[in-house]
Structure formats: C-alpha cells, structure tokens
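Trainee: Before I describe this model to colleagues, I would like to go through the terms I am using and check how each of them is justified.

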Amino acid sequence: MPYEETERLTHIVVVGGGLAGSEASWQLAKRGFSVYLYEMRPFVETPAHSTAQLAEVVCSNSFGGDGEGSAAGILKAELALGGSLILECALISRVPAGGALAVDRDKFSELVSAHIESNSRIRVVREEAMDIPNAPCVIATGPLSSTAMTKALSSRVGDGYLSFFDAVAPIVTRESVNMDKAYIAGRYGRGNDYINCPLDKEEYLAFYEFLTQAERVVPHSFERGMRFEKNSYFEGCMPIEEMASRGVDTLRFGPMKPVGLPDPRTGREPYAAVQLRMDNREGTLLNLVGFQTGLRWGEQERLLKIIPALENADIARFGVMHRNIYVDAPKALDEHLRLKSVLRASGESVFLAGQITGVEGYMESTAMGLVAGLNAACLLRGARLPVWPPESAIGSLLRYLGDDTCGKSFQPMNANLGIFPPLGQKIKDKKLKAKAFYDRSMSVSKAFWSEYD
Ligand SMILES: Cc1cc2nc3c(=O)[nH]c(=O)nc-3n(C[C@H](O)[C@H](O)[C@H](O)COP(=O)(O)OP(=O)(O)OC[C@H]3O[C@@H](n4cnc5c(N)ncnc54)[C@H](O)[C@@H]3O)c2cc1C
C-alpha cells in the first residue's frame, strides 16, 4: 500500500469502491486529503456485481422513500445536508417511482465513477486489498467482501464478531402491535420476554395458503446454487416459505409452535403462535422469531395482516435473503466506527464504512460512508471526532450499532422511525408523526453540519 509514515496526515487508503467507499473518498477529498481508493473489480469479481463501475447498485434500483414522511426520507435529507455525492448522483439519475427515489442504475454509477475518477485528490487503484493497512484507513468492502479481506477482518475482530447471514426476519414497531389480540408470556411460563400473537385453525390455514402462493424475490444465480435449492439451507436460517412448502404443519412444529404458550384469556394453547422479541434497548422494535423470509416486501405486508395481532403492523425492517458479511458492531466497533481491537492493540484507527458496519440498505451504507469519511478527515486533521446528534437518522443508526443491551445476536438494521429516540409527545397521525421526526432531525442536523462543513 502506498503509505509512508511522513504521508500520514495528508493521505489515506479507502478499500472498496462501492456506495460507502465512494462516499467516504468524496468526503475526504473535499476536505483536502488525498485518497487511494482500492477497488478490485473488474480484475477480481464479486458474485453479484457485473460491471467495473464504482457504486454499482447490485439489486433493486430503489433507494427507498423520499420526502418528509419516512425515516428513509429523513436520512436522505441529512445526506443532502452533508453534501453526499451518492445522493447528488442519485437525484440527477432518478427515474419516476412514486414516493421513492429510484435511479437509472447505469447512469447513476457512471456519474459516481466520473466524479471520483476525475477528482485530482482521489487515485483509484484497481487491485484487491489483501490486508488492512497499518495506518488510518477506511474499509468499505461490503456484504460481499473478498475472501482475503474477510480473513483480515476476522483476524482483527475475532471469529465470533464477524457474522454472516443468508436470511433475516422482519421487524415491526411495538406500538403497531394490537395487544388486545396478543399476550405476553415465555414458553412453559419461563419469563415474560415474548409477545405472542395467536392464530386459530382457520387463521393459520389462511396464513399457510397465502404463504405457499406468495411471490418470492428472484435470487441471484450465485445464491440459487448456494441456498435456494431444496435442502440446501442451513436449518437455522431456512425461510418460512420454504418450511411451509414442506407441509401444512411444518410451521406449527417450528417457529409457530404453540406448545407451552397458553393464552391467559382462554387458558388454552392456540392453534399456532408467532412470537415477537425485543430488538432494541427501548423495546420499540420487535423481531418476528424464526421468521426469516425472502418474500417480496409487498407480500410480507399482506402476510402479516393475516395474523390478527399484526393486522396493522408497521414493518420497520423487511425480511431479506441475500449474502451479507458484517461485524457484530456493538462488540467490534467504537462509536466512531473504528475497530476496537486494532485501536487497543496499536492505537491505529481503522474505520469501517457501509454495510459491513451492520447497517442494511443502499442509503444506510452510504450514510456510514459519509460518517467514516468525516471521522477520518477529523482524525487526520487532529480534530475531535464528531458525535452525531442522537435525534437524527444517522445518529440513530450509530446508536443502534452500539446497542448491546438486549442479549440478542446483533443483526443489521435499516433506517426506520422505531430506532429514533421517541418524540416528547404522542402523535397518532402517521404523516404528522414522521414530520415531527423530520423537523427534529433537521434542526439538530443543521446545527451539526454548521460545525463540520
Ligand atoms: C445480493 C444482494 C442484493 C441486495 N439487494 C439490495 C436491495 O435491493 N436494496 C438495498 O438497499 N440493498 C441491497 N443490498 C445491500 C447492498 O449491497 C448494500 O446496501 C450496498 O451495496 C452496500 O454498500 P457498500 O458500499 O457497503 O458495499 P458495496 O456496494 O458492495 O461495495 C463494496 C465494494 O468493495 C469491493 N471490494 C470487496 N472486497 C475488496 C477488496 N479486498 N479490495 C478491493 N475492493 C474490494 C467490491 O468490489 C465492491 O465494489 C443487497 C446486497 C446483496 C449482496
């Protein structure tokens, strides 16, 4: 790596030219630092990328909701305040998509590449980085990090703290669960850690019927061979639709098992039950236990409506099925996205950025690129590292990455109103509520950026 002791204060290496690495490089360059941006494509390929462009969008071309009515919109407004290159290019290459920001994917990544490659402070090095530099750097190698980088990360954070999943379950907000149709209980009377959503036989059969017909996301070819073929799943992360296809009762003997969960209102076990478990410190988010799924997002919404207690559930994070390498953030990272183990061992700052930090989604990964870029710039300048306002979407994501209080295994998260600190007042109307979150975020974020621009 082109790193000399004498260059420490003006040069920095960023590894991975995806959404996060491109954003981090841009943030560093605009603050006057020279960047060596390592991108291994096209010489080394990933299973999902298909071009040599920087910031290639590998799947859906949607960057999620825009405007004041959603957490995704708030995040975009914050990225705009931070002068995000990725957001700017997305807005220029946008295609009509209702309330969402969707892009012409080729135009988008060509634009990002052109901005990065023509920036005199950024040198794009088309090589696979085989290790983590022994100097301040940003690692943004994404959910499909190369084998060498995965090994390098694993040796720094320890095997237990580098995770891998193929599938995650949806998460709903606590306040949208109809508690008149649910009850709190642990199996066999052990504890009170679960909210149970009962189904009678008729409801269960309707649920089963829908699930076996519902549309699934079409997997990438590399995923097809890996785990979408029959019997090719790890049992621990088999999607519910696959379980259902094995027989009408498979789910009732699996994640929807009602045994040991009598409904206190009837004294009897229901025909089936969906269990919800706290997913954040405040208990505002609940994970559907064992419900990993690759159904299309609209189908997930329709499916949950069949469960009486979840008929009006707000899905904070949808279930997804794709390969994802990420660190167990609360254990591996400090509040500035630095690897704690490296900081302890050598005092060096290795910032992670993007999806590998434990966020999920294009804009969230971009945001973690922006954070790492600004943090690294402050470090190189010898300035205090920024503390993000907790009321912002970015601050809330960072807070989630540091939350190790639930005793759960850490799973990636996207921007949603459930991870924001609650508002001082209760607002019923969804639009007004989102607007209140938006206004609060804008006020603190503007103050934040006035310090760091
Ligand atoms: C199959 C799949 C489908 C997805 N679908 C969606 C979706 O529909 N919507 C959504 O919001 N999110 C989706 N995601 C998540 C999405 O990948 C991330 O949100 C986003 O791309 C992550 O940005 P990133 O910059 O962290 O990683 P990436 O954009 O993946 O960038 C990482 C870059 O690092 C490079 N790299 C890796 N290792 C090395 C190395 N050792 N040296 C040099 N370069 C290296 C890679 O080539 C790549 O360019 C999907 C992910 C996958 C894997």
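Mentor: Let us start with Leu337, which in this predicted model sits in the loop between helix 10 (329-332) and helix 11 (340-346). Its phi is about 70°, a positive value although Leu337 is not a glycine.

Trainee: Why is Leu337 called buried or exposed, whichever applies?

Mentor: The term buried requires under 20% relative accessible area, and Leu337 has 2% relative accessibility, so Leu337 counts as buried.

Trainee: What makes Tyr188 exposed or buried, given its relative accessible area?

Mentor: Exposed means over 50% relative accessible area, and because Tyr188 has 52%, Tyr188 is exposed. Tyr188 is found in the loop between strand 10 (183-184) and strand 11 (194-199), and its phi, near 55°, is again positive in a residue other than glycine.

Trainee: Which residue just after helix 5 takes a positive phi?

Mentor: That residue is Gly158, with a phi of about 90°. Within helix 5 (residues 147-157), the buried residues are Ala148, Met149, Thr150, Ala152, Leu153, Ser154 and Val157.

Trainee: How do you know that the peptide bond between Arg41 and Pro42 is cis or trans?

Mentor: The value to look at is omega, which is about 5° for the bond joining Arg41 and Pro42, and this peptide bond is cis. Pro42 lies in the loop between strand 2 (34-38) and strand 3 (62-65), while Arg41 is also among the residues closest to the ligand, together with Glu39, Ser146, Gln355 and Gly361.

Trainee: How many residues surround the ligand, and what classes do they belong to?

Mentor: There are 35 residues around the ligand, and by class the shell has 13 nonpolar, 16 polar and six charged residues. Helix 1 (19-30) and helix 12 (362-381) each contribute at least two residues to that shell.

Trainee: What makes the pair formed by Ser146 and the ligand a polar contact?

Mentor: A polar contact is a pair of N or O atoms within 3.5 Å, and here an N or O atom in the side chain of Ser146 is 2.9 Å from a nitrogen atom of the ligand. The backbone takes part as well: a polar backbone atom of Met40 is 3.2 Å from a nitrogen atom of the ligand, and a backbone N or O atom of Leu19 lies 3.1 Å from an oxygen atom of the ligand. As for cover, the ligand has 970 Å² of accessible area on its own, and the protein covers 95% of that area.

Trainee: Why is helix 13 described as largely enclosed by the rest of the structure?

Mentor: Eight of the nine residues of helix 13 are buried, and therefore helix 13 is called largely enclosed. The buried residues are Ala393, Ile394, Gly395, Ser396, Leu397, Leu398, Tyr400 and Leu401, and what covers them includes helix 2 (71-81), helix 10, helix 12 and helix 14.

Trainee: Where does Asp403 lie, and is Asp403 buried or exposed?

Mentor: Asp403 lies in the loop between helix 13 (393-401) and helix 14 (430-452). With a relative accessible area of 6%, set against the limit of under 20%, Asp403 is buried. Leaving aside residues up to four places away in sequence, Asp403 touches Asn280, Arg281 and Pro330.

Trainee: Why does Phe291 count as buried or exposed, and by what value?

Mentor: Phe291 has 1% relative accessibility, so Phe291 counts as buried. Its place is in the loop between strand 13 (285-288) and helix 9 (297-305), and, not counting residues up to four places away in sequence, Phe291 touches Ala169, Pro170, Phe207, Ile240, Pro255, Met256 and Val274.

Trainee: Why does the radius of gyration of the protein agree with a compact globule?

Mentor: For 453 residues, a compact globule would have a radius of gyration near 22 Å, and because the protein has 22 Å, the two agree. Of the 453 residues, 56% count as buried, and the protein has 14 helices and 16 strands. Among contacts with a separation of 6 or more, 70% are between residues 24 or more positions apart.

Key. Residues numbered from 1 in each chain as written. Predicted model: local features only at pLDDT ≥ 70, side-chain atom pairs only at ≥ 80, totals over all residues. Heavy atoms only, no water. Near = heavy atom within 4 Å. Polar contact = N/O pair within 3.5 Å; in protein donor to acceptor, adjacent residues only side chain to side chain. Areas by Shrake-Rupley, 256 points an atom, 1.4 Å probe, with all protein chains shown as cover. Helix = DSSP H or I, 4+ residues; strand = E, 2+ residues; numbered from the N terminus. Nonpolar A, V, L, I, M, F, W, Y, C, P; charged D, E, K, R; others polar. Rg over C-alpha atoms; globule rule 2.2 N^0.38 Å. Buried < 20%, exposed > 50% of the residue type's maximum accessible area, 1.4 Å probe, protein only. Contact = heavy atoms within 4.5 Å.
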